[in-house]
Each structure stands twice: as structure tokens, then as C-alpha cells.
Amino acid sequence: MPHRTATIRDWFERLGPGLMLAAAAVGVSHLVFATQAGATYGLSFVWLIVLISILKYPAFCFAVDYASLTNRSLVHAYADLGRIALAWLFVGLAVDIFIATTAVALVTAGLFISVFDLSWSGPQVAIVLCFATAVILINGQYRKAERIVKTLVAGFSVLVVSATISALPEVGSDGRGVFGDVSPNPDGFALGIAMAGWMPMPITGAIFISMWAREKKASCSLDIEHHAARHDLAFGWLLTIGLAICFTIMGAAILFETSREAPASAGAFASELLPLLTTVVGHWSYPLIAIAAIAVMWSGVFALMDVVPRVTGRLVDHARGREDQPSPYWFWLGVQFAGVALILLFLMGNFGTFVAFATSAGFITAPALAYYNYRAATSKDVARHYSPSRSLLIWHWIGFASLAIFAIAFVINQVR
């Protein structure tokens with residue numbers, strides 16, 4: 001019995017980067033997009049959630065392989081591949097440096113305002129949340145961020161699953177449908193494209209987990225072997241898929257084929273989601289659902305504000321040829337906070353344009369980043385006996401082609 005307890009403890013100790021990835025992924029894409037998909041189309045989009053998650057997985061698998069086998073993040077691999085690769089990475093990360101963090105912080109602020117009946121505006125609360133998060137993370141200790149995120153992810157996972165089980169009887173009740181009409185239409189196409197780009201998260205998340213895998217290996221007292229790193233990724237990836245399906249089910253339970261209308265904006269949707277859910281599940285569930293929703297979103301803020309400064313700093317250092325003299329973590333954390341605060345205070349009128357740019361950049365860069373991740377995992381830095389299997393390579397090229405098709409479809413839809 002003592003041996004089994006130690007084994008479970010060691011397994012949980014080895015978890016980390018996968019849960020950090022889940023925290024960054026389970027944000028706006030899940031709470032807003034997945035719930036809106038369930039509200040508008042019932043369970044019809046569940047297949048897309050599963051399919052796009054499967055297609056993107058090899059790009060993340062290559063990232064973990066490279067980091068766990070070389071003790072370097074993908075930023076180093078991109079630098080070795082040349083300035084064109086670094087340029088693609090910079091375009092992809094331009095979304096996450098400020099825009100993604102601002103979006104997640106705004107939705108989190110909407111939840112705080114709704115739960116605690118705050119009189120402050122959404123941008124004001126978002127700035128306070130980002131500042132508090134930055135203060136907690138300012139010394140750059142990965143283990144501190146991991147402990148916080150692990151606690152939040154474990155908590156919200158249990159609460160979200162509990163809320164979903166409570167909402168399940170409402171799906172298809174009273175003669176209501178379960179699946180909606182997904183015949184071609186502009187709104188459905190737009191939602192499907194958005195989910196394809198952001199579910200379970202953009203390909204730039206592969207860069208994040210490579211950085212976390214590197215930090216985990218450097219900070220953990222246990223030996224994080226290659227297979228353990230792969231298992232950590234698989235666990236976090238399956239968790240994100242399961243939670244996305246949970247939010248889709250809750251959206252179908254509370255809004256599909258009812259007279260209720262889903263709010264249009266992400267912030268309004270987040271704040272109005274709580275009373276809608278408690279109406280369906282029961283008023284007793286409000287504390288449970290409120291804590292889960294806040295934990296979901298705030299864990300995303302923590303994850304993004306931990307990893308974006310790490311990746312941005314390394315990217316700039318490599319671009320300047322100063323990789324042996326890394327910039328301090330706190331400097332790039334300050335840059336990130338200042339940029340987010342600037343958008344929240346002065347540029348909210350253009351935030352829709354920023355989000356459109358973020359979506360465009362995410363789609364356009366996804367195939368290129370997936371390709372460069374493959375190049376990293378098959379580079380000379382990785383021992384030949386760890387080369388990707390034939391089945392994984394076939395899987396990757398199918399995913400690459402699919403992402404390219406999605407990107408082309410998105411561009412065509414945008415220029416019409």
C-alpha cells in the first residue's frame with residue numbers, strides 16, 4: 001500500500017505542462033465558443049471539437065518530444081531553422097502577447113463582476129486581475145505557477161463535470177431536440193471556423209508546452225522521461241476535449257431550442273451564463289458553478305501570464321543573437337501587463353478589430369507552425385531512435401493538410 005501511494009504521488013508530481021496547457025486552452029474557446037455552439041446547434045458540433053483536436057495533436061506531440069529530449073523549447077529549434085521560421089513564430093505569438101491575454105482577462109472580469117456584484121467596469125477589474133496575477137508570478141518561478149494552476153484546474157474540472165451531470169437531464173427534455181441544423185449558413189460557418197482555430201487551442205500552444213516541459217524538467221526533483229512527458233500531454237489534451245464537450249452539453253441544456261437568447265459579446269455571455277445555468281440546474285448550484293467558472297478563466301490568465309513572457313523573451317533574444325544572455329522574466333512580464341493595460345484603458349473601441357486580427361493570424365500561421373514543429377522533432381538535435389513513428393508522421397501530414405484547408409477557407413471567407 002505505501003508503494004502504491006508513492007506511485008500515485010509521483011505520477012501527480014510529474015503532471016504539470018499538460019495541465020498548464022489545459023488551463024490556457026479552457027478559456028474563451030470553451031466557456032464561450034463551446035457553450036454558444038451547444039446553445040445554437042445542440043450537440044451537432046461535438047464531432048468538430050473531437051476532429052480538430054485529433055488533427056492538431058501531432059503538432060503538440062512534436063513540441064513535447066523536442067523539449068523533453070533536448071531540454072530546449074521550440075523557440076531554439078525555430079531559431080536553428082532560420083529567420084523565416086522565427087518570423088512565422090513571431091506573427092503567431094503576436095496574438096498571445098497582448099490580445100489573447102486581454103480577451104481572457106475581460107471574460108474573467110465579467111465573471112467577477114457578476115458573482116460579486118462589483119460596480120467597477122470590466123476593463124478596470126481586468127487590469128486589477130492582471131496586476132494581481134503579475135505580482136504573484138513576478139519572480140518567474142515555474143513551480144509556483146504550476147501549483148496554482150494545478151489547484152485551479154483540479155477544482156474547476158470536478159465542478160464543471162458535476163454541473164454537466166446536473167444539466168444532462170435537460171438535454172432533449174420535453175420533446176426538445178438534441179442536434180441542430182448544420183446546413184451551410186454564414187453564422188454556422190463563422191462559428192465552425194472559429195472553433196477550428198481556437199479549439200482546443202491555437203497551434204501556438206505547442207510553443208507554450210515546449211517551454212513548460214523544459215521548465216518542468218529543470219525544476220522537478222523527479223526524472224521526467226520522454227514517455228512521462230508524452231503521458232502528461234495526453235492527459236491534459238484529453239481533459240481539454242472532455243471539458244469542451246461538457247460546456248457544449250451545458251449550452252445545449254440551457255439555451256438550445258428555448259426562448260432564451262445567448263448574449264452576443266464574450267463578456268456579457270460569461271456574466272449571463274451563470275444565472276442561466278443555475279436556472280436550469282437549480283439555485284443550489286450557483287456557488288459551485290460560479291467558483292468553477294472563475295477558476296476556469298483565472299487559471300487561463302495565470303497560464304498565459306506565466307508562459308508568454310518566457311516565450312517572448314527567448315524569441316527576442318534569439319532574433320537579436322543574444323540567446324546566451326537571456327532577458328529577465330520580470331521585464332517581459334511587465335511589457336505584457338503594460339500592453340494589456342493599454343488596450344483595456346484606451347483601445348477597447350478597436351478590440352473587435354484586434355480579435356479579428358488574432359483570429360486571422362491564428363489561422364494563417366497554424367499550418368506553418370505545425371510544419372516547423374515537425375521539422376524540430378525530426379532535426380539532428382533529436383536522437384534517431386526517438387524519431388516520430390510512421391503512423392504519427394502520417395497523422396501529422398493529414399492534420400497539416402486539414403489546417404491548410406481551414407486556413408484557405410478562412411481567407412476566402414474574409415475577402416468575400
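**A friendly note on a predicted model**

1. The second largest pocket has a volume of about 290 Å³. A pocket here is an open set of points on a 1 Å grid over the protein atoms alone, with protein on both sides within 12 Å along at least five of seven lines. Its volume is the space filled by probe spheres set on the points, which are joined across faces, edges and corners. This is a predicted model, where local features need pLDDT of at least 70 and side-chain atom pairs count only at pLDDT 80 or more, while totals for chains, interfaces and linings use all residues. Residues are numbered from 1 along each chain as its sequence is written, and side-chain values use heavy atoms, with hydrogens and water left out.

2. Who lines this pocket? There are 15 lining residues (an atom within 4 Å of a point), and Phe-45, Val-182, Gly-188, Phe-189 and Gly-192 lie nearest the centre. Two or more residues come from each of helix H4 (46–70), helix H9 (186–198) and H16. H9 gives the most, with 5 residues. Helices are DSSP runs (H or I, at least four residues), numbered from the N terminus.

3. Now follow H16 itself. The expected span of a helix is 1.5 Å times one less than its number of residues, so the 26 residues of H16 should span 38 Å, and its end C-alpha atoms are indeed 38 Å apart. Its buried residues (under 20% relative accessible area, 1.4 Å probe, protein chains only) include Leu-392, His-396 and Phe-410.

4. H16 also reaches the surface. Ile-84, Trp-88, Ile-364, Val-411 and Val-415 make a nonpolar surface patch of about 460 Å². Helix H6 (83–116) and helix H16 (390–415) each give two or more residues to this patch. Val-411, in H16, is partly exposed because its relative accessible area of 36% falls between the limits for buried and exposed (over 50%).

5. Helix H10 (residues 204–219) is worth a look too. Its 16 residues reach 23 Å from first C-alpha to last, close to the 22 Å expected. H10 is mostly covered, with 12 of its 16 residues buried; among them are Phe-208, Trp-212 and Lys-216.

6. Finally, check two loop residues. Asn-71, between H4 and helix H5 (74–81), has a positive phi of about 60° although it is not a glycine; at 45% relative accessibility, Asn-71 is partly exposed. Asp-117 sits in the loop between H6 and helix H7 (122–137), with a positive phi near 55°. At 69% relative accessibility, Asp-117 counts as exposed.

Terms used: Patch = residues over 30% accessible without salt bridge, like charges linked within 9 Å, V, L, I, M, F, W, Y side chains within 5 Å. Areas by Shrake-Rupley, 256 points an atom, 1.4 Å probe, with all protein chains shown as cover. Salt bridge = Lys/Arg side-chain N within 4 Å of Asp/Glu carboxyl O. 1 Å grid on protein atoms, 1.4 Å probe; cavity = no way out; pocket = protein on both sides within 12 Å on 5 of 7 lines; lining within 4 Å.
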